[in-house]
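User: Hi! I'm new to this one and would like a quick tour of its side-chain contacts. Could you walk me through them?

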Amino acid sequence: MIRDAIESSARLLLAFGALVLSAPATPAATHGIAMHGEPALPPDFEHLPYADPNAIPGGKVRIGLAGAFDSLNPFNLKSGSTAQGINGNVIQSLLARSNDEPFTLYGLVARSIETDDAREHVTFRLDPRAHFSDGAPLTSADVIFSFELLKTKGRPQQRIAYGLVKRAEAPDAQTVTFDLTGAKDRELPLILGLMPVLPEHATDVEHFTDASLKPPIGSGPYVIAEVEPGSRLVLKRDPNYWGKDLPLQRGLYNFNEIGIEYFRDGNALFEAFKAGLVDYREETSTARWASGYDFPAARDGRIVLETLKSPGPKGLEGFVFNLRREPFADIRLREALGLMFDFEWVDANLYSGLYTRTKSFFDESELSSSGRPASEAERALLAPFPGAVRADILEGRWTPPVHDGTGRDREPARRALELLAQAGWKLVDNALVKDGAPLAFEIMVTNRDQERLALFYADSLRRIGVAASVRLVDEVQYQRRRQKFEFDVMIGNWAASASPGNEQRMRWGSASAAQEGSFNLAGASSPAIDALIAALVAARGHEDFVAAVRAYDRVLLSGFYVVPLFHASKQWIAHSTKLARPQTLPRYSPLFGATLDSWWRTEP
C-alpha cells in the first residue's frame, strides 16, 4: 500500500508539472510594443534617438499653414476644418510612436503594456502621476470613457477598430484591460495604445462630434492660450505638465509658445515667410525651390536652406476617380484616362525635372511591388481572387506610360482610344460619345498648384475628345465635398507608412466606400482588397508582412483607381537661423511633427 501511495503521488506530481508547463505564461509588463519583433529601445532608454536631451527650452516658434479652421474639436465629423497642432501637443494617448522604427510604441500615459502571444488580450498600466491640464487626475475611468465614446462617436476608423474589442474593463484606477478574442487583428493592441485619452469630467458627450471653438482639455505639454477663428492658434507650454521628465518626452516640446498662423493660400504663406512672419517652411514647389529663394533674408543669411533625404516609403498622390459616379465604374475607361497624363512634359516644364514618377503605393521601399515578380507567398494570397491582378503587374513589369515629352505623344493617345472603344465610347466630331452622351466630368482642386496641373491634364484629355473641366474651390468647401464624396475627380494623397495596417481599411476597404468622411475617395469595394488588408494586419513575421503588402499593392495598381503623379526623393526645408534641430533625424519622419517637436530656439 505504501508503494502504491508513493507511485500515485509521483503520478500526481508529474501530472501537475505537465499542467504547469502547458499552461500559458502570464504576459509580462513591457515598456513598449512593436508590430513585428521587439522594440529597438531597452526598458531603461533615456531619450529617443532623434531627441536632444540638451535642447534649450524656451522661446517661441511661428508655424504657417495654408487654409483656415472653424473648429478646435479634432473629433469633429461635421463640415469644416479642425485646427492643426492639437493632437500630441494638447491631447495625448496611452502610448506614443517612435519615428525611428516602422511601428513601435512606448509608454506615455500608460507606463507599460501587457499582451499575450496571440494578442487576444491587452492590459495597460497607467502612470499614477498622469493628470489633465486642469489638475484632475487621469485614471482608468477616463480611458474607458474615451474608448466607449470614440467607439460610438469617434472617427470612422476609430469606430471600426474599437468595435472589434469584445470587452473593456478597469479593475482599478490605474489598470485597463481589453479582451480582443475573435478580432484576429495583431495590430489592435497598438491601435488601442494610440487612443487619445479624454477627460470624462470635461467632455461634452452630447455635442462631441460638433464643430466647436471651445479649447479642449488634455494631458499634453501644451494648452490652448489664444484663438482667432480661422486665422490663428497659440499653444503655450503647461508649466505643470506631468510627463516632462519621461524618457519618451525628454528633448521634445521645447518651445514655450507655438503660434500657428493660417493664410488664405500658398502664395500668401510664402510671402509671410519671406517677410519673417513665419519661422519654418517645408517647400513642396520645385519651381519655387529652384528659383524663388533669392530674397533679402536668404541672401543675408537669416534663412537656412536644407535638402534632406526623404526616408521611408513614398506614398502615392494622383487624380482619383470617384467610382460612385458614372462612367468611372469601367476599369477600361480609368486606365485609358491614366494613359493621357504626360509626366515627362510636366516634370520638365513645370517642375524643373526634380520629380520622380510614382509607380507604387509604397514606392522606393521593400514594400513596393514595382519591378519585382510576385513571390510564391504573394501568389498564394492572390490565388482565391483570379483576375484581381493583371499579368504584367503580377510579374512586376507594369509602369505608368512613358511619353516622349512633347505634350502631344500620339502612341498613348492611340492606346487610350482603343481602350475607350472597347468600353463602348466613339469619337464623334472630336468628342467621345456613348449612348448619345459625351464623356464630360469635373476635376476639383483646392489651390493654384493643383489647378495648374489639372488644367494641363484636362488639355491632354481634350486631345482624345474628353471634356474635363477644372473647378477651384476654397478649403472649407473642398473638405465638405471630399467628406461627402461630392466630386468626379480630385487629387488624392495616400501617405505611406513603413508599417501599413488598419488605416488601410478606411482608405480602400469595402466597408469604408459608403462611410462619409472616410479616405476611400475612389469608393473601391473589392473582396481581394479586404482579404489582403486582413492578411497584412494578421502577419506575424516580417516576411509574411512584406508579401501581404506587395500583393495588396498589386491589387490596388490593377484597379486603376488613381492616375499616379510623382514624388520627390528629397525634402526641401527653409527656416530661420534662430531655430535648431538635432543632428540625428528619425528614419521615418525626418522633421518629427508639423510643430517641430524636436526643435528649439537658439535666440530670442
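User: Which residue forms a salt bridge with Asp279?

Analyst: Arg62 does, and the closest N and O atoms are 2.7 Å apart. Keep in mind that this is a predicted model.

User: Where in the chain do Asp279 and Arg62 sit?

Analyst: They come from distant parts of the chain, 217 residues apart. Asp279 is in the loop between α5 (266–274) and β12 (280–283), while Arg62 belongs to strand β2 (residues 60–66).

User: And is Asp279 buried or exposed?

Analyst: Asp279 is buried, with a relative accessible area of 2%. Its partner Arg62 counts as partly exposed, at 32% relative accessibility.

User: Got it. How many salt bridges does the structure hold?

Analyst: There are 36 salt bridges. Another one joins Arg540 and Asp117, where the closest N and O atoms are 2.6 Å apart.

User: What parts of the chain does that pair link?

Analyst: Distant ones again: Arg540 and Asp117 are 423 residues apart. Arg540 lies in the loop between α16 (527–538) and α17 (542–559), and Asp117 in the loop between β5 (110–115) and β6 (121–126).

User: Is Asp117 buried or exposed?

Analyst: Asp117 counts as exposed, at 57% relative accessibility. Arg540 is partly exposed, with a relative accessible area of 48%; the cut-off for exposed is over 50%, so Arg540 falls short of it.

User: Do you have one within a helix? Say, what does Lys151 form with Glu148?

Analyst: A salt bridge, with the closest N and O atoms 3.5 Å apart. Both residues are in helix α2 (residues 140–153), and because they are three residues apart there, about one helical turn separates them. Lys151 is partly exposed, with a relative accessible area of 26%, and Glu148 is partly exposed too, at 34%.

User: Which residues are linked in a network of salt bridges?

Analyst: Glu226, Glu228, Arg232 and Glu261 are linked in one.

User: Let's switch to rings. How many aromatic pairs are there?

Analyst: The structure holds 30 aromatic pairs. One of them is formed by Phe343 and Phe566, a tilted pair with 6.1 Å centre to centre and 35° between the planes.

User: Where are those two?

Analyst: Phe343 is in helix α9 (residues 343–350) and Phe566 in strand β23 (residues 566–567). The pair links distant parts of the chain, with those positions 223 residues apart. Phe343 is buried, with a relative accessible area of 8%, and Phe566 is buried, also with 8%.

User: What about Tyr355 and Trp572, what kind of aromatic pair do they form?

Analyst: A tilted one, 6.4 Å centre to centre and with 50° between the planes. This pair also links distant parts of the chain: Tyr355 is in the loop between α9 and β15 (356–357), Trp572 is in strand β24 (residues 570–576), and they are 217 residues apart.

User: Are Tyr355 and Trp572 buried or exposed?

Analyst: Tyr355 and Trp572 are both buried.

User: Which residues form one aromatic cluster?

Analyst: Phe270, Phe273, Trp289, Tyr293, Phe295, Phe343, Tyr351, Tyr355, Phe566 and Trp572. The pairs we just looked at have their rings in that cluster.

User: Last topic: what lies over the face of Phe270?

Analyst: Arg288 does, at 4.6 Å from the ring centre. Elsewhere, the ring of Phe485 has the charged end of Arg324 over it, 3.6 Å from its centre.

Notes: Residues are numbered from 1 along each chain as its sequence is written. This is a predicted model: local features need pLDDT of at least 70, side-chain atom pairs count only at pLDDT 80 or more; totals for chains, interfaces and linings use all residues. Side-chain values use heavy atoms; hydrogens and water are left out. Rings of Phe, Tyr and Trp (its six-membered ring) pair if their centres lie within 6.5 Å; planes under 30 degrees apart count as stacked, over 60 as edge-to-face and the rest as tilted. Helices (H or I, at least four residues) and strands (E, at least two) are DSSP runs, numbered from the N terminus. Buried means under 20% relative accessible area, exposed over 50%, partly exposed in between (1.4 Å probe, protein chains only). A charge sits over a ring if NZ of Lys or CZ of Arg is within 6 Å of the ring centre and within 35 degrees of the ring normal. A salt bridge is a side-chain nitrogen of Lys or Arg within 4 Å of a carboxyl oxygen of Asp or Glu.
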